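Here's a short set of exercises on helix packing and domain contacts. Grab a viewer, try each task, then check the worked solution.

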Amino acid sequence: MALQVIQSGWVAQGKAVERFENEFCDFLGLPYGSAVAVSSGTAALYLALLALDAKGKNIAFPAYSCSALRNATALAGGNPLLVDSMLDSPNMDIYTIDNNANIAIIPHMYGLPQDFTKHNFKISVIEDCAQSLGARVAQTLVGLQGNIGIFSFYATKLMTTGGQGGMIVSRDASIINELKDYRLFDRRFDAKVRFNFQMTDLQAAIGSAQLQQFPNFLKRRADIFQQYQEANFPLLDVGQDIQPVRFRAILRTTKQNEIITALHQDNISAVIPLQDLELLGPKEVYPNAYAWTKNTVSLPIYPSLKDEDVKRIIHIVKNVL
Ligand SMILES: *Cc1c(COP(=O)(O)O)cnc(C)c1O
């Protein structure tokens, strides 16, 4: 598909982007025209905030999350209002969102979504699905529990559009129209400021190919996760009515350094998924978020990881636990 784009001579945003957007809508079960492809997940967040008129407003998001949330909020001119994680989940505690918040960005960490379909938000919500494409809450794929959903196709996410890429979805036609108007910056006569956040046709073609394989990616990830489960590893998981995707295999352990060092000695890389110095707020104010930086290790999990390597990892980690 990418080769066809190159041979066509049209590599910038065009028909392949439109097709990828439609395929993405099909995947999520949304009507065509509900998705807008952009250059990254951060760009998607920024544009979502822009569409919600975030300038000067209070934006709630978790202290325990990707710096993209803080960066997009700053660029959009919003005031950050950080929220702590839950005690039993690294996801943000939506019940402690400050009353002064106008907009909330709610990420599903590590492919483990939280169900907020029953929560009656009085504010606008951006559902950040950068780590949870394909996960379900209450039988429904994540993406539109809020007003806007965003996705990332960065190289290390669940699927990629060739290294960088993002998607915004919404059922609100006025939001979609505003985003599409923003994205088209060339040959405009209204002098409105528009940065270039386009996805290219070459990227979109890679995205289409990845989306076709996506169910297989998820299956292989689930298979690896199951092998870790069968080894009785204390893994972070979700409750009933939630169907996660295995973006990360997060070991709950305070033996972080022992495990990482033991794996490293066998040339296997494991990491603390989010370190204390990466927290978006002071650890004293967000104790649950801080705790999650101290009791987690992210084990290797990706579609091309071989069973023999999974077995090696299990053997090494078992020795430490
Ligand atoms: C990766 C990520 C982003 C940012 O996406 P990029 O494509 O890297 O800009 C935003 N939110 C979360 C939760 C992420 O994991």
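**Exercise 1.** Are H3 and H4 parallel, perpendicular or oblique to each other?

*Solution.* First, some housekeeping: this is a predicted model, so local features need pLDDT of at least 70 and side-chain atom pairs count only at pLDDT 80 or more, while totals for chains, interfaces and linings use all residues. Residues are numbered from 1 along each chain as its sequence is written, and side-chain values use heavy atoms, with hydrogens and water left out.

Step 1: find the helices, H3 at residues 41-51 and H4 at residues 67-75. Helices here are DSSP runs (H or I, at least four residues), numbered from the N terminus.

Step 2: get the angle. The two axes come within 9 Å and cross at roughly 40 degrees. Axes are lines fitted to C-alpha atoms over the stretch in contact, with angles from 0 to 180 degrees between N-to-C directions.

Step 3: classify. Angles under 35 degrees count as roughly parallel, over 145 as roughly antiparallel, 65 to 115 as roughly perpendicular and the rest as oblique. H3 and H4 are therefore oblique.

Step 4: look at who touches whom (contact means heavy atoms within 4.5 Å). H3 brings Thr-42, Leu-45, Tyr-46 and Leu-49, and H4 answers with Ala-68, Leu-69, Ala-72, Thr-73 and Leu-75. By class that's seven nonpolar, two polar and no charged residues. (Ala, Val, Leu, Ile, Met, Phe, Trp, Tyr, Cys and Pro count as nonpolar, Asp, Glu, Lys and Arg as charged, the others, Gly among them, as polar.)

**Exercise 2.** Work out how H9 sits against H7 and against H6.

*Solution.* Step 1: take H7 (residues 256-265) and H9 (residues 307-320), whose axes come within 9 Å and cross at roughly 140 degrees. The pair is therefore oblique.

Step 2: list the H7 contact. Glu-258, Ile-259, Ala-262 and Leu-263 of H7 meet Ile-313, Ile-316, Val-317 and Val-320 of H9. That splits into seven nonpolar, no polar and one charged.

Step 3: switch to H6 (residues 201-230), where the axes come within 10 Å and cross at roughly 30 degrees. That makes H6 roughly parallel to H9.

Step 4: list the H6 contact. Arg-220, Asp-223, Ile-224, Gln-227 and Tyr-228 of H6 meet Asp-307, Val-310, Ile-313 and Ile-314 of H9. The tally is five nonpolar, one polar and three charged.

**Exercise 3.** How much area do domain 1 and domain 2 bury between them?

*Solution.* Step 1: set the bounds, 2-208 for domain 1 and 215-320 for domain 2; they come from an automatic or database domain assignment. Their C-alpha centres lie 25 Å apart.

Step 2: count the contact, with 35 residues from domain 1 and 27 residues from domain 2.

Step 3: read off about 2600 Å², 65% of it on carbon and sulfur atoms. Buried area is the accessible area (1.4 Å probe) that two parts lose on being put together, summed over both.

Step 4: Tyr-64, Tyr-110 and Leu-158 supply 25% of domain 1's buried area against domain 2, more than any other three residues.

Definitions and conventions
Helices (H or I, at least four residues) and strands (E, at least two) are DSSP runs, numbered from the N terminus.
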